[in-house]
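Please open the model in your viewer and keep the selection tool at hand. The stops below say what to select and what is there.

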Amino acid sequence: MNRLFSDEELNRAASQVRERMLDGLTEGEGEEFTPAFHRRMEALMAAEEKRQRRNRAFRRMTAAAAALVLAFSTVLTLNTEARAAVSTWFKEVLGNTTYYWFTEEKLESDEEQKLPVYIPTYIPEGYDVIKEEHRGRDYSVIYQNGEDITSAVAFQYGMMDDGRGIYVGSHTDAFHMEDITVNGCPGELYVSHEAGEAHVLVWFDEEEKLYFFVTALFDTEEILRIAESVEIIKNN
Amino acid sequence: MLIYLSTIEVPDDREKFEWLYQQYRYLMLHVAKKLLGQQQDAEDAVHQAFVAILQNLEKFFPYDSPKQRSLIVIIVKRKAIDLLRKRKRDNWGPLDEAVLALPAPETGDHALADAMARLPASYREVLLMRYDNGLTAREIGKLLGITESGVRKTIARAKRALQAELEKEGIVL
């Protein structure tokens with residue numbers, strides 16, 4: 001009786017049952033909610049927004065404290081004037097999602113730094129850019145080898161502006177995280193344990209106030225090689 | 001790709017929740033109405049389900065996927081059954097989940113999946129949350145409003161029921 005099942009067997013069976021369950025469901029077209037329900041949901045969202053405002057205030061407070069500690073230790077170490085601006089990050093882990101929050105000590109006189117241009121100078125042979133996107137304070141590019149979508153490599157970077165953040169998440173527990181450095185910058189490598197799932201490398205250049213990440217399906221050494229090849233092309 | 005990265009622009013959570021609300025509310029109402037019949041009752045179940053989603057927002061993502069869709073269907077079903085259970089307790093007596101209107105998944109040609117599909121909904125769904133959605137007992141408990149130890153017991157019972165189901169069919173894996 002106690003043979004029971006391996007996790008892999010149960011994962012596979014559960015996935016098949018889920019597919020069958022969803023096949024038997026319609027989308028709910030034609031359903032309507034009453035005005036009373038809409039009012040309840042609006043109240044729920046308003047309460048949540050209030051809670052989030054409190055959380056953001058707390059986060060800013062924590063961020064300010066972190067920046068203060070960093071600025072203080074810099075003065076002690078270098079025995080020079082406090083730096084004009086310092087960016088750093090701290091993280092929160094909630095379930096399988098890691099949030100990296102950025103904090104910055106900024107002087108009133110500081111002008112907003114423009115996003116410089118970085119690219120990986122190494123990408124495996126046969127790869128072409130298939131998508132490129134500038135989104136204000138972030139830039140991302142996806143490379144792919146021919147039509148094979150499983151070959152895709154994504155590179156993204158952006159400004160570690162105060163109060164912004166990034167997150168790395170997974171639907172499953174099937175990964176582990178390793179501390180790494182990329183060209184002297186601290187980073188974290190998320191190694192997926194499931195075939196067909198991507199690895200993610202995220203690292204932070206605190207001096208330049210930039211975060212970077214590379215994600216791909218292929219082996220982590222190749223991902224690290226791409227990361228280490230990232231160079232500045234133009235300083236805006 | 002299951003592992004992903006995205007930038008967060010405050011207020012991210014509000015946007016995520018609104019996305020989930022817009023995306024799944026009618027499906028949720030449909031599921032709840034099948035179980036409860038009445039519009040008002042079904043709306044109560046959907047509301048309870050959204051409260052649970054909001055309290056566990058980190059487990060959800062602002063894009064549609066079969067796993068997330070299934071998780072949301074299970075949550076609203078369990079909230080609807082909680083309501084039914086409460087009303088039965090208040091008025092008529094115990095609830096027989098077997099008579100609930102939502103059909104069990106069809107069986108196919110995979111022995112373990114077939115046996116899982118035949119399990120009572122309360123067993124089947126907690127197995128889906130654990131093994132398809134990858135949630136821990138604690139996370140399942142938070143979403144369904146039950147204790148972690150209660151979830152562990154249900155998972156253990158569900159596995160035993162699965163084993164018995166296979167043995168009944170004379171199947172050895």
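Select chain B, whose secondary structure comes to seven helices and one strand. From the N terminus on, its elements run β-α-α-α-α-α-α-α. This is a predicted model, and every value in the tour is computed from it. Chain B has 173 residues, and buried residues make up 55% of them. Now consider contacts in chain B between residues at least 6 apart in sequence: 69% of these join residues at least 24 apart.

**Inside chain B**

Go to helix α2 of chain B and select A42(B). Is A42(B) buried or exposed? Its relative accessibility is 0%, so A42(B) counts as buried. Leaving aside residues up to four places away in sequence, A42(B) touches L29(B), A32(B), K33(B) and L36(B). Add A32(B) to the selection: the C-alpha atoms of A42(B) and A32(B) are separated by 4.8 Å, with the two residues ten apart along the chain.

Next, move to the loop between α2 (39-55) and α3 (66-92) of chain B and select N56(B). N56(B) has 2% relative accessibility and therefore counts as buried. With residues up to four places away in sequence not counted, N56(B) touches K142(B) and L143(B).

One of those partners, L143(B), is among the buried residues of α6(B). Select that helix, residues 137-144 of chain B. Helix α6 is mostly covered, with six of its eight residues buried. Those six are A137(B), E139(B), I140(B), G141(B), L143(B) and L144(B). Just after α6(B) comes G145(B), with a positive phi of about 75 degrees.

Stay with E139(B) and add K59(B). Their side chains form a salt bridge, in which the closest N and O atoms are 3.1 Å apart. The pair links distant parts of the chain: K59(B) is in the loop between α2 and α3, E139(B) is in helix α6, and their positions lie 80 residues apart in sequence. K59(B) is buried, with a relative accessible area of 12%, and E139(B), at 15% relative accessibility, counts as buried too.

Another salt bridge to select is R69(B) with D64(B), where the closest N and O atoms are 2.9 Å apart. Here R69(B) counts as buried at 11% relative accessibility, whereas D64(B) is partly exposed, with a relative accessible area of 35%. Then select K77(B), R78(B) and E125(B), which are joined into one network by salt bridges that share partners.

**Between the chains**

How many salt bridges does the rule find over all chains? The count comes to 13, and four salt bridges are found across the interface of chain A and chain B. Select R18(A) and D132(B), a salt bridge with its closest N and O atoms 2.6 Å apart. R18(A) lies in helix α1 of chain A and D132(B) in helix α5 (residues 121-132) of chain B, so the pair joins two chains. R18(A) and D132(B) are buried.

For a further salt bridge, select E31(A) and K33(B), whose side chains meet at 3.0 Å, N to O. K33(B) was also among the residues that A42(B) touches.

Now show the whole contact: 67 residues from chain A and 71 residues from chain B. The area buried between the two chains is about 6700 Å², and carbon and sulfur atoms give 63% of it. Nine residue pairs are found in polar contact across the interface, both residues at pLDDT 80 or more. On the side of chain A that touches chain B, the elements that each supply at least two residues include α1 (7-23), α2 (35-78) and β6 (148-159). The largest share, 13 residues, comes from α1(A). By class, this side of chain A has 30 nonpolar, 20 polar and 17 charged residues.

**Aromatic rings in chain A**

The structure holds 21 aromatic pairs over all chains. Select Y127(A) and F218(A): their ring centres are 6.4 Å apart and their planes stand at 85 degrees, so the pair is edge-to-face. Y127(A) is in strand β4 (residues 127-135) and F218(A) in the loop between β11 and α3 (220-228) of chain A, 91 residues apart. Y127(A) counts as buried at 15% relative accessibility.

Last, select F155(A) and Y157(A), a tilted pair with 5.7 Å centre to centre and 35 degrees between the planes. F155(A) and Y157(A) are buried. Widen the selection to Y118(A), Y139(A), W203(A) and F212(A), which ring pairs link with F155(A) and Y157(A) into a cluster.

Note on methods. Residues are numbered from 1 along each chain as its sequence is written. Chains are lettered from A and ligands numbered from 1 in the order in which they are written. This is a predicted model: local features need pLDDT of at least 70, side-chain atom pairs count only at pLDDT 80 or more; totals for chains, interfaces and linings use all residues. Side-chain values use heavy atoms; hydrogens and water are left out. Contact means heavy atoms within 4.5 Å. Buried area is the accessible area (1.4 Å probe) that two parts lose on being put together, summed over both. A polar contact is a pair of N or O atoms within 3.5 Å; within protein, one must be able to donate a hydrogen and the other to accept it, and residues adjacent in sequence count only if both atoms are side-chain atoms. Helices (H or I, at least four residues) and strands (E, at least two) are DSSP runs, numbered from the N terminus. Ala, Val, Leu, Ile, Met, Phe, Trp, Tyr, Cys and Pro count as nonpolar, Asp, Glu, Lys and Arg as charged, and the others, Gly among them, as polar. Rings of Phe, Tyr and Trp (its six-membered ring) pair if their centres lie within 6.5 Å; planes under 30 degrees apart count as stacked, over 60 as edge-to-face and the rest as tilted. Buried means under 20% relative accessible area, exposed over 50%, partly exposed in between (1.4 Å probe, protein chains only).
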